[in-house]
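Visitor: I am new to this structure. Could you walk me through how to read a few of its features?
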Amino acid sequence: MSPPKPQNPPKNYPFLFPKVQSSVLPDPSLFFSPNLLSTPLPTNSFFQNFTLKNGDQPEYIHPYLIKSADSSLSISYPSHFHNSSFIYQIFISDLTIFATDKTNSTSQKNHIISSYSDLSLTIDFPSSNLRFFLVRGSPFLTCSVTGNTPISISTIHAILSFSSNSSLTRHTIKLNNNQIWVIYTSSAISLNHSLSLITSGGFSGIIRIAVLPDSDPTYESILDQFSSCYPISGDAVLTKPFCLEYKWEKKGWGDLLMLAHPLHLNLLSSDDCDIKVLENFKYKSIDGELVGVVGDSWVLKPHQVSVTWHSIKGVKEESYPEIVTALFKDVEALNSSAITTTSSYFYGKLIARAARLVLIAEEVCFLVVIPAIRKFLKDTIEPWLDGTFNGNGFLYDSKWGGIVTKQGSADSGADFGFGVYNDHHYHIGYFLYAIAVLAKIDPAWGRKYKPQAYSLVADFMNLGRQSNSNYPRLRCFDLYKLHSWAGGLTEFADGRNQESTSEAVNAYYSAALMGLAYGDIHLVATGSILAAMEIQAAQTWWHVKEGDNLYEEEFTRENRVVGVLWANKRDSGLWFAPPDWRECRLGIQLLPILPISEVLFSDIGFTRELVTWTLPALGREGVGEGWKGFVYALEAIYDKESALEKIRNLNGFDDGNSLTNLLWWVHSRGDEHENEYGAEGKYCWFTHYCH
């Protein structure tokens, strides 16, 4: 018998879902440079407002709010409005830069995005000979001027004083709102000013503008020192496991000065890169103080997180019978023909809920139920992967480059906006969890549907930058903020937003599990580091600890968790519930309950604060049993017996949860003395043998 011939990848590799012409997506050609239109485009990015409608809503590019309108660029060093319900940064056009005589007034386009990367954006004003390098975390706004163009800088404030140095390359503006701005130019420029306008003669070269935080003159010498080296772009590179490197392309001379937010400072590894932290050089921000860092390459090392199928601490054998009893009932109730939802989100939750039962069955050695769950998973997942699902399905949009749903391609509100690229990591994350589990227990099925599975992963986790890719790079994950954005192609005055951090963690965790199922160490490593960073970002910006000083005191006093986090705002309310529905606010930051939930809520002191803050809300009339289950699940972290009693008395569960899953969670809480290793050692024991 002759040996089998080696199989070549199928001609339809990589797999694409059927193409669709969406009727609800905006036109990207209005703002992206023509040479970018043949490539997949970002849909959930830090500059998305610049691509939507008139492109004239501001975006927060740390430390400034930036707005592009009427072929001019406005910069704001924002003040904060805050009360006990929300915090936001106020956009005021502190300075607006434009060409005095626009050279091409017939141009319809306000601005063109000529290039972008993880950490930067380059915007051109074709009618003005102006190019702006918008690099995240730069204390300077940098503008390149060509064609000997006269420049104007206006302000809505009054100019109290204006002075220039003898070489006419450094100019200081004092405004009547107590701000001091410094303008640096690469060559001499003669500037004239009136009450609220500064004008120049023809100029070619580089202009850099920076505010002096708190009008503190000691900052001036630092800005002077680093004014000649400017970044034009920045990339984030996943070089090795649990390591993220920032690399900026710079011009000019001297060292590069950038700003780090609190999570950057927590993760910066000075042993691995040549940086110097300027601890007293600070800008204020809604994300906490931004601190100066000198160096054109940073290395960030998040906590290592082990991605596991089963509970981290295990379930004691004496607890098996109670879990098995619930498991038998939950499996018996599975019925694929009884599913009525066609929503990609709620359907995803249902199949992921069933997949949890497989892994719990493995953990409590009750394998007899697995064939029934496997059949349910095959019957429910396959129609979405092979295009036979009645009423909805996955399709491919080539305009922006990504998966949309059949319903979402005709209705921007369907599937929670999935068709305009909202919530992709949430919906697909649930599908990936179910696919990963099914591929684990049925490898032949996994091989058959591997092309579709990887297409789903690539929609929000593509790492490549190639122009021939079908998907943009990391659709939802923001490599500067180090968490995801759920908001897609919808214009919002406060930029992108994300409500549920736990569903974001689920997406990257599920992708890593899929990597385990397929033996793909690269996918395991990528999913693991993104999950790890999402967790640390949630703990930094969504989890509000008592007495913490990241947010204003009155907001911190009233809130233990942020509801919706926006680029430019913190809101205590949810998309679906008011602020006083605290059980929903807790639950949406916990669901779905998984082994990795233990890592997300590894701070037991904070978890106790959060539950104590939430419990009174359960006395309100009409509180859903499903939401109570999440509160009791967190209570189990520090009071197992009390939580167990409450869970046994529940008479309903969230559609992505089950009694089996809650009992598994409580019975896998382990003992107190197991918590003594700290955040790293608790989840990655081998690190103890690596030093």
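Visitor: How many of the nine residues of helix H17 (residues 659-667) are buried?

Guide: Keep in mind that this is a predicted model. Eight of the nine are buried, so H17 is largely enclosed by the rest of the structure. The buried residues are Thr 660, Asn 661, Leu 662, Leu 663, Trp 664, Trp 665, Val 666 and His 667.

Visitor: What covers the buried residues of H17?

Guide: The cover includes five helices. They are H3 (320-332), H4 (344-363), H13 (597-600), H15 (625-635) and H16 (640-648).

Visitor: Let me take one residue of that helix. Is His 667 buried or exposed?

Guide: Compare its relative accessibility with the cut-off. Buried means under 20%. His 667 has 9%, so it counts as buried. This residue is found in helix H17.

Visitor: Which side chain makes a polar contact with the side chain of His 667?

Guide: That of Ser 319, at 3.2 Å. Ser 319 is also among the residues that His 667 touches, leaving out those up to four places away in sequence. The others are Gly 314, Val 315, Lys 316, Glu 322, Ile 323, Lys 640 and Leu 644.

Visitor: Now a strand residue. Where is Thr 96 found?

Guide: Thr 96 is found in strand E6 (residues 95-99). Its relative accessibility is 10%, so Thr 96 counts as buried. Its side chain makes a polar contact with the side chain of Ser 74, at 2.7 Å.

Visitor: Which residues does Thr 96 touch, not counting residues up to four places away in sequence?

Guide: Ser 72, Leu 73, Ser 74, Ser 152, Ile 153 and Ser 154. Also compare sequence with space. Thr 96 and Ile 66 are 30 residues apart in sequence, and their C-alpha atoms are 9.7 Å apart.

Visitor: On to sheets. How do strands of a sheet pair?

Guide: They pair through backbone hydrogen bonds, either parallel or antiparallel. Here is a case. Three strands form an open sheet in the order E16-E17-E21, with antiparallel pairing.

Visitor: Why is one side of E16 and of E21 left without a neighbour in the sheet?

Guide: Strand E16 (229-240) and strand E21 (297-300) stand at the edges, each with a single partner strand, so one side of each has no neighbour in the sheet. From one strand to the next, the twist averages 15°.

Visitor: How many bridges pair E17 with E21?

Guide: Four bridges, in the antiparallel sense, with E17 spanning residues 243-252. Lys 247 has Ser 297 in E21 as its bridge partner.

Visitor: What is the strand order in the open sheet that holds E18, E19 and E20?

Guide: The order is E18-E20-E19, and the pairing is antiparallel. Strand E18 (257-260) and strand E19 (276-283) are the edge strands, each pairing on one side only. In this sheet the twist averages 35° from one strand to the next. Helix H1 (residues 218-225) packs on the sheet and touches E18 and E19. The direction of H1 makes about 125° with that of E19.

Visitor: How many bridges join E19 to E20?

Guide: Five, with the strands running antiparallel. In E20, Val 294 is the bridge partner of Lys 276. E18 pairs with E20 (residues 290-294) over four bridges, also in the antiparallel sense. There, Ala 260 stands opposite Val 291.

Visitor: What do E19 and E20 form, and which residue in the turn has a positive phi?

Guide: They form a hairpin with six residues between the strands. Gly 288 in the turn has a positive phi of about 100°.

Visitor: How many disulfides does a search of the whole structure find?

Guide: Zero. To see how this looks for one cysteine, check sulfur distances. The closest cysteine sulfur to that of Cys 273 is in Cys 243, at 9.0 Å, which is too far for a bond. Cys 273 counts as buried, at 11% relative accessibility. Cys 476 also counts as buried, at 0%.

Visitor: Last, the rings. How many aromatic pairs does the search find?

Guide: It finds 45 in the whole structure. One of them is Phe 281 with Tyr 283, an edge-to-face pair with centres 5.5 Å apart and planes at 65°. Both residues are buried. Rings can also form a cluster: one holds Phe 15, Phe 17, Tyr 347, Trp 384, Phe 389, Phe 394, Phe 418 and Phe 431.

How values were computed. Residues are numbered from 1 along each chain as its sequence is written. This is a predicted model: local features need pLDDT of at least 70, side-chain atom pairs count only at pLDDT 80 or more; totals for chains, interfaces and linings use all residues. Side-chain values use heavy atoms; hydrogens and water are left out. Two strands pair if DSSP finds at least two bridges between them. Helices (H or I, at least four residues) and strands (E, at least two) are DSSP runs, numbered from the N terminus. Axes are lines fitted to C-alpha atoms, for helices over the stretch in contact, and angles run from 0 to 180 degrees between N-to-C directions. Buried means under 20% relative accessible area, exposed over 50%, partly exposed in between (1.4 Å probe, protein chains only). Contact means heavy atoms within 4.5 Å. A polar contact is a pair of N or O atoms within 3.5 Å; within protein, one must be able to donate a hydrogen and the other to accept it, and residues adjacent in sequence count only if both atoms are side-chain atoms. A disulfide is a pair of cysteine sulfur atoms within 2.5 Å. Rings of Phe, Tyr and Trp (its six-membered ring) pair if their centres lie within 6.5 Å; planes under 30 degrees apart count as stacked, over 60 as edge-to-face and the rest as tilted.
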